[in-house]
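Visitor: I'd like to know where the labels people put on a structure come from. Could you walk me through a few?

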Number of protein chains: 2
Amino acid sequence: MVVKGSSGQGKAPRRGASQRTVPEARNEPALSLERIVACAVELLDAQGVDGLTMRRLADRLGSGAMSLYWHVGNKEAVFDLALDSVLEYAGQAQATEDQDWRGAVVHMLEDWRAAMLRHPWSASLLPRRALGPNILGRLELLSRTLSRAGVADKDLNAAIWSLWNYVMGATITRGNFERSDEDRADAQQRLAALGERYPTIERSRLLLDSDWDGAFRKGLDFLLDGLAPRR
Amino acid sequence: MVVKGSSGQGKAPRRGASQRTVPEARNEPALSLERIVACAVELLDAQGVDGLTMRRLADRLGSGAMSLYWHVGNKEAVFDLALDSVLEYAGQAQATEDQDWRGAVVHMLEDWRAAMLRHPWSASLLPRRALGPNILGRLELLSRTLSRAGVADKDLNAAIWSLWNYVMGATITRGNFERSDEDRADAQQRLAALGERYPTIERSRLLLDSDWDGAFRKGLDFLLDGLAPRR
DNA sequence: TGATCGCATCGTACATCGTACGAGTCAATC
DNA sequence: GATTGACTCGTACGATGTACGATGCGATCA
């Protein structure tokens, strides 16, 4: 059993009422794709992208490193699965039917951004062709909502990508500047040292105390105004 | 001599008219930060992010692997320097004085995007706090131009980040979907297989033949309309 | 002239990584 | 009882980033 590419969820091992004896020498509940992915997310949260090693992951799961490869194919797949698993979206069904399409779109995109900010490593995993079911689901929802809101078919793709791009960029940027206080101090000092070369951004304290959330909301509104004007 | 962080460019070795004899046993022109960075970019262009190894880089430069560490500190620094070096912008001085501020902004941002698309690896390096001089320069230019165009100080940071975010996201997304035909066929097939779950994005062929450039331009225009309305 | 010193280069060595390979263990089936 | 297939894991290999120390060089100073 191998999950290739980014798409996979394998069938869970069936194991009935009877317990395996060896793998869980005393307590470990046996490997499964779900456990692996969940544990990978934990590890990424705790140690960041570089902290995720197949060996460490296996240790945490109480198994041998090579056992993982029955379930996942390779490390790339672990990354892809972890990323997609973090981007699940609950509000699929209900909100769509609202006539408040704009509220629905904003809600989904803000939730998206929030999810990624909860897991800062996710931003650095984005630059890869990972189109798991959750990501596709969000795209589908976005697409359907905009379409229902009256965006013409010929403008639909442009609208979707503009919004998606905006969210991606905002998340990545935000993640970059949300480092430790120490890093922030570093940046300030470096900028001050080069102050005369970059007077405008130094004066506006661009790197230091921008209102990220406000800026995100504002830009999003402008985009929506343009893409699908409030009638 | 060590370039720490992302900011550095060290002074070039001074070497007068006389040649060193050992390092360039016959032909190699001696190590320098510039040569290292330029060669790193070449290597990244040719082999992608994973293709860049200190050993390979050193080989190309005709030197030993450890020699690089006199100039760069660590591999991270090489990445940061390569990224920034690719983002140089020529149009600094002249365009700024134009009254056509909007043209200047659009030009700079499109040039930015173009530069990153010329070097597809740059997108995957973005999610890191790399603020080299060229990136800062672009931010400064953007900032100054918008300010001069009449954007109020209190709105300035939000405007800058919205634009920056948009460009980042667009570039990263575009890079992801510009893979080989083979990958594209893969995606198509995968989507078709799951067709019934994602009918809307399948119908619009979202992943296949979107007009990236057009979408980019359109979204950018909307953003600019909102952020700094044409009077 | 020789001694000293800072810049720069590089060989060796080590820890760590992803993972190929194949042997092992079990439950279910024949 | 033999076979099969799902699953686990120990060992091993090649590659990587880089710490460390040895080495050579030109310039400076005695």
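Guide: Sure, and keep in mind that this is a predicted model. Let's start with Ala58(B), which is found in helix α2, residues 54–61 of chain B.

Visitor: Why is Ala58(B) called partly exposed?

Guide: Count its neighbours. Ala58(B) has 19 C-beta neighbours inside 10 Å. Buried needs 20 or more, and exposed means 12 or fewer. The 19 neighbours of Ala58(B) fit neither label, so partly exposed it is.

Visitor: And what does Ala58(B) touch, if you skip residues up to four places away in sequence?

Guide: Ser63(B), Gly64(B), Ala65(B), Ser67(B) and Leu68(B). Ala58(B) also sits 9.6 Å from Leu31(B), C-alpha to C-alpha, with their positions 27 residues apart in sequence.

Visitor: What makes Arg205(A) exposed?

Guide: Same kind of count. Arg205(A) has 12 other C-beta atoms within 10 Å, and exposed means 12 or fewer, so Arg205(A) gets that label. Arg205(B) also has 12, so it is exposed too.

Visitor: Where do these two arginines lie?

Guide: Arg205(A) is in the loop between α11 and α12 of chain A, and Arg205(B) is in the loop between α11 (199–203) and α12 (212–227) of chain B.

Visitor: What is worth noting about phi in Arg205(A)?

Guide: Phi there is positive, about 50 degrees, though Arg205(A) isn't a glycine. Most residues other than glycine have a negative phi. Arg205(B) has a positive phi as well, near 50 degrees.

Visitor: Now the helices: why is α12(A) called roughly perpendicular to α9(B)?

Guide: Look at the axes of α12 (residues 212–227) of chain A and α9 (residues 153–176) of chain B: they come within 9 Å and cross at roughly 65 degrees. Roughly perpendicular covers 65 to 115 degrees, so α12(A) and α9(B) earn the label. Their crossing is right-handed.

Visitor: Which residues meet there?

Guide: From α12(A), Gly214(A), Ala215(A), Lys218(A) and Gly219(A); from α9(B), Asn157(B), Ala158(B), Trp161(B), Ser162(B) and Asn165(B). They divide into three nonpolar, five polar and one charged.

Visitor: How many residues does each chain put into the contact between the chains?

Guide: Chain A gives 52 and chain B gives 52. On the chain A side, α9(A) gives the most, with 18 residues. That side of chain A divides into 24 nonpolar, 17 polar and 11 charged.

Conventions: Residues are numbered from 1 along each chain as its sequence is written. Chains are lettered from A and ligands numbered from 1 in the order in which they are written. This is a predicted model: local features need pLDDT of at least 70, side-chain atom pairs count only at pLDDT 80 or more; totals for chains, interfaces and linings use all residues. Axes are lines fitted to C-alpha atoms, for helices over the stretch in contact, and angles run from 0 to 180 degrees between N-to-C directions. Helices (H or I, at least four residues) and strands (E, at least two) are DSSP runs, numbered from the N terminus. Angles under 35 degrees count as roughly parallel, over 145 as roughly antiparallel, 65 to 115 as roughly perpendicular and the rest as oblique. A crossing is left-handed if the near helix is turned anticlockwise from the far one by less than a right angle, and right-handed if clockwise. Two residues are in contact if their C-beta atoms, placed from the backbone, lie within 7 Å. Ala, Val, Leu, Ile, Met, Phe, Trp, Tyr, Cys and Pro count as nonpolar, Asp, Glu, Lys and Arg as charged, and the others, Gly among them, as polar.
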